[in-house]
Structure formats: C-alpha cells, structure tokens
Amino acid sequence: MTNNQQGLQALFGGTFDPIHYGHLRPVEALAKQVNLQKVILLPNHVPPHRPQPEASPIQRLEMVRLAIQGNPLFTIDTRELEKNSPSYTLETLIAFRQELGPRQPLAFIIGQDSLLSIHTWYGWDKLLDNCHLLVCSRPGYATHFSDPIMQNWLQQHKTENPDQLRHTPHGYIFLADTPLVNISATEIRQNLSAGLNSEKSCNELIPEAVMNYIKQQHLYQK
Ligand code: ATP
C-alpha cells in the first residue's frame, strides 16, 4: 500500500468567529475542481496574526460542528484549539506531515486575502516544503502581489493542473476559480452587535443552525 492512496488531503484553517458561507461555498467549489474527498477544518485557538476571537474556542468549535452537520465533505481537527499557545500553521503542517509521511499529497486552503499577506506568517517560505496551497478567490482583493519578490514566488510555484496536486506531495500553489462570496466574519459580528440580527440580514451569510446557536448563546451582541 502506498502512502498516497488516500488522495489529496486538504486542511482549512481559520478563526471561524463565526464560520459562514464565505468559508463553506468557495471550498465546496474548490473540492469539485481538484477532486477533494475530504476537507479538514482546523479552528485556531489563539491566532497569531489578528485580534483575539470574540466567541470562546468551545463556541467556535460548536458553530463549526453545526455548520458542517450532514455534509460529508467536511471533518474537524481540534489540535490547534486544544493548544493554549499561538497556533502557527507551519508547525501544524509539520505535525501532519510527520503523521502522513513524506509522500502523501497534502494541501492547505486559504482565501486570496490570506495569500496576499502570507509573507507575514511565521516561516511562510517553508509552507510549500510541507503542503500545496489552494487559494479561493475573495471579492475585493487584488489578484497579484504588489511586491515583485512575492509575485515571482507565486509564479514559480503556480500550477493550473489539479493532477499535479495529487501526484506531488507538496510545493504547488493552485489559484482556484471559485465563486466570489462577499461575506466576512467581521461584517457578521458588526451586524449582530448593531442589532441587525434578524433572519433577513443573516440567513444568507451563515447556516441557520449556526444562527440559532449565536442567538441562544447571545454571541456578538454588545
Ligand atoms: P474576519 O472577518 O474575522 O477576519 P474571516 O471572515 O476572514 O474573518 P477567517 O476565519 O479569518 O474568516 O478566515 C479563514 C480562512 O477563510 C482565511 O484563509 C480566509 O482568507 C478565508 N476566507 C474567509 N472568508 C472568505 C470569503 N468570503 N471568500 C474566500 N475566502 C474566505
């Protein structure tokens, strides 16, 4: 049995404060494009790059669980949530790589906004030694780096051939042609704290079960 019989494994990290359709819909489309059987959602505990989440780790995990209920594409890995220190993506990827062995194709999914700021991530230049990067389009973000060094890095690693992702363990960047979904968790939190938590303003942004949980827990309401 070879190591890559499981096909391409994909991880999708995020704060998910809360999880929303801007996370779910592009990734579902990406999964079809590159033939992903599974996407492992990886909620952060203490994100190193950004303000601390408003919902607790347990609440964010519960929202992720509710959002993917009945959807066989997604599973959850709680290793970052269980840590009480910043979760650096590179360290998590190294841990996955050790578990999966050197030959298993492994990918990490990000949005275009994350790609454009990737040079601020701890050990960013070693990410591709461990995984491929699969990038979902996000409205309002440039399609190119303004820094020529980063644009050159992207050009060197870019592939348009999904087969390369499955036949190589790591090292490629795939810019997916996913639907543009203009939703952010910041906007959802702002809507809710401004009292715009009616079904009308939030039903198109987050799954109903997540919205019910937000109401029940009185989350994001100032
Ligand atoms: P916030 O508004 O709190 O910064 P967010 O909506 O950007 O949150 P995160 O949990 O920080 O959500 O994002 C996790 C990953 O999902 C990141 O790689 C981000 O680029 C991607 N992502 C989030 N929203 C979208 C979207 N609408 N379209 C495409 N990718 C997205």
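**Group meeting: helix α2 and the ligand site**

Okay, let's start with helix α2, where the buried residues are Gln59, Arg60, Met63, Val64, Leu66, Ala67 and Ile68. Before I go on, keep in mind that this is a predicted model.

So what do those buried residues of α2 pack against? You'll find α1, β2 (39-43), β3 (74-76) and α9 (208-217) on the other side of those contacts. The helix itself runs over residues 57-68, so to speak 12 residues, and it reaches 17 Å from its first C-alpha to its last. That's close to the 16 Å you'd expect at 1.5 Å a residue. Just after α2 comes glycine 70, and it takes a positive phi of about 80 degrees.

Now over to the ligand. There are 21 residues around it, and the ones that come nearest are His20, Asp113, Val181, Ala185 and Thr186. By class, the shell splits into six nonpolar, 11 polar and four charged residues. Which elements supply at least two shell residues each? Those would be β1 (9-14), α1 (21-34), β4 (106-111), α4 (112-116) and α7 (185-193).

On to the polar contacts, for those of you thinking about docking poses. Serine 114 puts a polar side-chain atom 3.0 Å from a ligand oxygen. With glycine 22, a backbone N or O atom sits 3.4 Å from a ligand nitrogen. Isoleucine 183 also uses a backbone N or O atom, 2.9 Å from a nitrogen of the ligand. And how much of the ligand does the protein bury? Taken alone, the ligand exposes 600 Å², and 90% of that is buried by the protein.

Key. Residues are numbered from 1 along each chain as its sequence is written. This is a predicted model: local features need pLDDT of at least 70, side-chain atom pairs count only at pLDDT 80 or more; totals for chains, interfaces and linings use all residues. Side-chain values use heavy atoms; hydrogens and water are left out. A residue is near a molecule or strand if one of its heavy atoms lies within 4 Å of it. A polar contact is a pair of N or O atoms within 3.5 Å; within protein, one must be able to donate a hydrogen and the other to accept it, and residues adjacent in sequence count only if both atoms are side-chain atoms. Accessible areas come from the Shrake-Rupley method with a 1.4 Å probe; for residues, only the protein chains shown count as cover. Helices (H or I, at least four residues) and strands (E, at least two) are DSSP runs, numbered from the N terminus. Ala, Val, Leu, Ile, Met, Phe, Trp, Tyr, Cys and Pro count as nonpolar, Asp, Glu, Lys and Arg as charged, and the others, Gly among them, as polar. The expected span of a helix is 1.5 Å times one less than its number of residues. Buried means under 20% relative accessible area, exposed over 50%, partly exposed in between (1.4 Å probe, protein chains only). Contact means heavy atoms within 4.5 Å.
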